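Welcome! Let's take a friendly walk through this structure, one part at a time.

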Amino acid sequence: MIEIQTKVGGKSLTKVSGDDLKKVFGEAAFFQSLPPVCPRCKSEFRLAHRCFEGNHYYTLICDNGHQSNLGQHKDGGALFYKAADSWKTWQEIKDEKGGNGAQGNNGSQNRQEAPPDMPSGPPADDLPF
Ligand SMILES: [Zn+2]
């Protein structure tokens, strides 16, 4: 039996264990690949899972509603953190999808604007639209 203790989100501890070194190593490496806090607002984040129309979504969501969708390997289904994923709020994702054609370069530039009015209190689990 192999056990590795690692941190999730810089704070909570988790333990991965098993008999297959490569599997245990891979799981610990996944947790260690996560940032300690939300890269945008430096607040803590939680892990969220949603199932929508048969698809599973694994997401990191911070206290201010910034979120990063985790990738899933086609082979074996292991999760991985997409460091380039930009921790957007629902409103920002919605704005992009609503695309009024104002963006001419498919949004590849990182905008440095402050997020729109953020709700106070914990984020709701329901989609606000
Ligand atoms: Zn954040």
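## The overall layout

How many helices and strands does the secondary structure of the protein chain come to? There are two helices and seven strands. Please keep in mind that this is a predicted model.

Following the sequence, you will meet these elements in the pattern β-β-α-β-β-β-β-β-α. The protein chain has 129 residues, of which 9% count as buried. Among its contacts with a separation of 6 or more, 33% link residues 24 or more positions apart.

## A sheet of three strands

Let's turn to the sheet. Its three strands lie in the order E3-E4-E5, with antiparallel pairing, and the sheet is open. Strand E3 (45-52) and strand E5 (67-69) are at the edges; each has a single partner strand, so one side of each has no neighbour in the sheet. On average, neighbouring strands here are turned by 25° against each other, direction ignored.

Look more closely at E3 and strand E4, which covers residues 55-62: eight bridges join these antiparallel strands. One pairing to find for yourself is Arg-50, whose bridge partner in E4 is Tyr-57.

## The nonpolar core

Which residues make up the largest nonpolar core? Six do: Cys-38, Phe-45, Leu-60, Ile-61, Cys-62 and Trp-87. E4 gives the largest share of this core, with three residues.

Cys-38 is a good place to pause. Leaving aside residues up to four places away in sequence, Cys-38 touches Ser-43, Phe-45, Cys-62, His-66 and Trp-87.

Notes
Residues are numbered from 1 along each chain as its sequence is written. This is a predicted model: local features need pLDDT of at least 70, side-chain atom pairs count only at pLDDT 80 or more; totals for chains, interfaces and linings use all residues. Two strands pair if DSSP finds at least two bridges between them. Helices (H or I, at least four residues) and strands (E, at least two) are DSSP runs, numbered from the N terminus. Axes are lines fitted to C-alpha atoms, for helices over the stretch in contact, and angles run from 0 to 180 degrees between N-to-C directions. A residue is buried if 20 or more other C-beta atoms lie within 10 Å of its own, exposed if 12 or fewer, and partly exposed in between; C-beta atoms are placed from the backbone. Two residues are in contact if their C-beta atoms, placed from the backbone, lie within 7 Å. A nonpolar core is a set of buried Ala, Val, Leu, Ile, Met, Phe, Trp, Tyr and Cys residues joined through C-beta atoms within 7 Å.
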